[in-house]
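Biologist: Please take a close look at the aromatic residues of this protein and describe how their rings are arranged. A formal account suited to a first-year student would be welcome.

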Amino acid sequence: MNARVGHGFDIHPLEAGRPLVLGGVEIPSEFGCAGHSDADVVLHAVSDALLGACGLGDLGEWFPDTDPAYKDADSAMLLGRVVEAVARAGASPVNVDITLYLERPRLAPFKPAMRDRVAQILGVPASCVGVKARTLEGFGPIGKGEAAAATAVVLVELAPRGS
Ligand code: MG
């Protein structure tokens with residue numbers, strides 16, 4: 001297989017009264033990620049991983065947070081545009097492995113929906129999406145419930161030359 005790997009990371013502060021959107025799924029919570037877009041750390045990490053795998057820069061270059069067009073933007077739409085750019089570069093996602101770092105709420109009940117949603121956006125089977133969540137046991141800003149973060153690793157397959 002002619003393949004490339006990419007890695008992404010994102011972190012956003014948590015604020016009272018914001019919706020908590022993770023992996024394209026709205027999760028009931030008193031706190032949500034603050035940011036210019038809907039601040040979905042999972043989809044931002046996946047987007048950066050895909051862009052990185054294809055040498056296409058990063059999410060901030062594609063969708064600047066100074067651009068009012070992306071105010072409260074749906075990160076699923078942004079990731080969809082990244083997937084289109086990846087396809088134009090002659091690549092397609094194979095699998096993605098995500099780790100979420102969040103102290104609360106407990107994410108276990110929502111992981112299957114996040115997995116399905118990410119798989120749908122990437123156009124891969126759910127079995128090719130890993131969603132893992134962990135707390136930081138009270139350490140640092142994430143452990144104190146002040147921020148949420150995510151990392152993602154993706155593999156993309158390159159179409160054979162001339163195909
Ligand atoms: Mg972000």
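Modeller: W62 has a relative accessible area of 29% in this predicted model, so the residue is partly exposed, since that class lies between the 20% limit for buried and the 50% limit for exposed. F63, by contrast, has a relative accessibility of 7% and therefore counts as buried. A search of the whole structure gives two aromatic pairs. One of them joins W62 and F63: their ring centres are 6.4 Å apart and their planes meet at 50 degrees, so this pair is tilted. The angle is too wide for a stacked pair, which needs planes under 30 degrees apart, and does not reach the range over 60 degrees that is called edge-to-face. F63 also pairs with Y70, with ring centres 5.2 Å apart and planes at 75 degrees, so that pair is edge-to-face. Y70 is buried too, because its relative accessibility is 12%, which is under the 20% limit. W62, F63 and Y70 together make up one aromatic cluster.

The nonpolar core may be described next. The largest such core holds 47 residues, and L22 and L50 touch the most other members. Among the elements that give two or more residues to this core are α1 (41-53), α3 (75-88) and β7 (147-158). The largest share, nine residues, comes from α1. Beyond its neighbours within four places in sequence, L50 is in contact with several residues, including L79, V82, P93 and V154.

How values were computed
Residues are numbered from 1 along each chain as its sequence is written. This is a predicted model: local features need pLDDT of at least 70, side-chain atom pairs count only at pLDDT 80 or more; totals for chains, interfaces and linings use all residues. Side-chain values use heavy atoms; hydrogens and water are left out. A nonpolar core is a set of buried Ala, Val, Leu, Ile, Met, Phe, Trp, Tyr and Cys residues joined through side-chain atoms within 4.5 Å. Buried means under 20% relative accessible area, exposed over 50%, partly exposed in between (1.4 Å probe, protein chains only). Helices (H or I, at least four residues) and strands (E, at least two) are DSSP runs, numbered from the N terminus. Contact means heavy atoms within 4.5 Å. Rings of Phe, Tyr and Trp (its six-membered ring) pair if their centres lie within 6.5 Å; planes under 30 degrees apart count as stacked, over 60 as edge-to-face and the rest as tilted.
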